[in-house]
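Reader: I have the chain open in my viewer, and I would like to know what lies behind the words used to describe it. Could you walk me through them?

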Amino acid sequence: MNAVLTIAGSDCSGGAGIQADLKTFLAHGVYGMSVITALTAQNTTGVQGIAEVSPEFIGMQMDAVFTDLAPRAVKVGMIVGAQAVHVVSQRLQKYKAKQVVIDPVLASTSGTQFMEEETLKCAMEELFPLAALLTPNIPEAERLTGIAIKDAHDMQRAAQAAANRFGCAVLCKGGHRSGAADDLLYDSGQFYWMRATRIDNPNTHGTGCTLSAAAACELAKGRNMPDALQHAKQYVTGAILDGLDLGAGRGPLNHGYRII
């Protein structure tokens, strides 16, 4: 069985972060492992608090996994603090991590900032160049590239600029645009549109975490980048279409819709 590691924050409400990633791994038939970078007190209405895990203990968790279980792919999500970013980057290099998928979680949907400027600068210099795939949403792609994204052409410009800067494939997620929910992959000099009709369901908490985790699973199974992203998007679309409705705010997806 393929083993896949997630390095991310914990969401006590189960919709995003480590919990969403592990559910996604199970749904894809891979063996899931986790390194927790932060604890959050959050639910469908927002984030109430964040407790950072020390960089030293993040490193210990990564050592424990990589020296014994050798993941076939690694998904990286929320990391708080430049020192934590440095430790994660150093360990990924030390263990020659394969198929690193980075979801640059800069802020929560409700507006809580997870990555300040110093941390982002460190991530752009040390972490993002280790990625096989980077999966920013539109606000994140704008912040990474300085390109204002208003239309499909701007998405292409931003995806290509990020790919050129960090030396990896880039999926620019289109969920923040009005109209269709089309994502754009730029990989090895080619653009691939991942088309999807927007679903009338406000319960999309954890969509970005889930998509990047699903992509890591598909890459671990040996799919090429465009196929991996197409299958990952189909999985997320199905999880939204299932229509799970929990909580008073923006609820979670049904990660287990395929197996329930």
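Author: Gladly, and let us start with Ile18: leaving aside neighbours within four places in sequence, Ile18 is in contact with Thr6, Ala8, Gly9, Ser10, Ser34, Val35 and Ile36. Keep in mind that this is a predicted model.

Reader: What makes those residues contacts of Ile18?

Author: The cut-off is heavy atoms within 4.5 Å, and Thr6, Ala8, Gly9, Ser10, Ser34, Val35 and Ile36 meet that cut-off with Ile18. Ile18 itself has its place in helix 1.

Reader: Why is Ile18 called buried?

Author: Ile18 has a relative accessible area of 4%, and buried means under 20%, so Ile18 counts as buried. Ile18 has company in helix 1, where Gly17, Ala20, Asp21, Thr24, Phe25 and Ala27 are buried too.

Reader: What covers the buried residues of helix 1?

Author: The cover includes strand 1, strand 2 (31-43), strand 4, helix 7 and helix 8 (225-241). Ile18 also gives a sense of the fold: Ile18 and Lys75 are 57 residues apart in sequence and 10.0 Å apart in space, C-alpha to C-alpha. Just after helix 1, Gly29 takes a positive phi of about 75°.

Reader: Why are helix 1 and helix 7 called oblique to each other?

Author: Helix 1 (residues 17-27) and helix 7 (residues 207-220) pack at an angle of about 40°, with their axes 9 Å apart. Angles under 35 degrees count as roughly parallel and 65 to 115 as roughly perpendicular. An angle of about 40° fits neither range, and therefore helix 1 and helix 7 are oblique. Their crossing is right-handed.

Reader: Which residues meet where helix 1 and helix 7 pack?

Author: From helix 1 come Gly17, Ala20, Asp21, Thr24 and Phe25, and from helix 7 come Cys209, Thr210, Ala213, Ala214 and Cys217. By class, the residues of this contact divide into 6 nonpolar, 3 polar and 1 charged.

Reader: On to the sheet. What makes strand 3 and strand 9 edge strands?

Author: The sheet is open and has 9 strands in the order 3-2-1-4-5-6-7-8-9, with mixed pairing. Strand 3 (46-52) and strand 9 (190-194) each pair on one side only, and they are the edge strands.

Reader: How do you know that strand 4 and strand 5 pair?

Author: Pairing needs at least two bridges, and 3 bridges join strand 4 (residues 73-76) to strand 5 (residues 100-102), so the two strands pair. They run parallel. Val76 stands opposite Ile102 in strand 5, and Lys75 stands opposite Val101. Towards strand 1, strand 4 is joined by 4 bridges, again in a parallel run, with Leu5 opposite Val74.

Reader: Which way do the residues of strand 4 point?

Author: Ala73 and Lys75 point one way and Val74 and Val76 the other way, and all are buried. This fits a general pattern: in a regular strand the side chains alternate between the two faces of the sheet. Strand 7 offers another case, with Ala169 and Leu171 pointing one way, Val170 and Cys172 the other way, and all of them buried.

Reader: What makes the pairing of the sheet mixed?

Author: Strand 7 shows both senses. Strand 6 and strand 7 pair in the parallel sense over 2 bridges, and in strand 7 the bridge partner of Leu133 is Ala169. Strand 7 and strand 8, in contrast, are joined by 3 bridges and run antiparallel, with Leu171 opposite Leu185 in strand 8.

Reader: Which strands does helix 6 lie across?

Author: Helix 6 (residues 152-166) lies across strand 6 (133-134), strand 7 (169-172), strand 8 (183-187) and strand 9, and runs at about 35° to strand 8. Helix 7 also packs on the sheet, touching strand 1 (3-11), strand 4, strand 5, strand 6, strand 7 and strand 8, and its direction makes about 170° with that of strand 4.

Reader: Last one: why is Gln99 called partly exposed?

Author: Gln99 has a relative accessible area of 30%. Buried means under 20% and exposed over 50%, so Gln99 falls in between and counts as partly exposed. Gln99 is found in the loop between helix 3 (82-94) and strand 5, and has a positive phi of about 45° although it is not a glycine. Ala70, in the loop between helix 2 (55-66) and strand 4, likewise has a positive phi of about 45° without being a glycine.

Terms used:
Residues numbered from 1 in each chain as written. Predicted model: local features only at pLDDT ≥ 70, side-chain atom pairs only at ≥ 80, totals over all residues. Heavy atoms only, no water. Axes fitted to C-alpha atoms, helices over the stretch in contact; angles between N-to-C directions. Parallel < 35°, antiparallel > 145°, perpendicular 65-115°, else oblique. Left-handed = near helix turned anticlockwise from the far one by under 90°. Nonpolar A, V, L, I, M, F, W, Y, C, P; charged D, E, K, R; others polar. Buried < 20%, exposed > 50% of the residue type's maximum accessible area, 1.4 Å probe, protein only.
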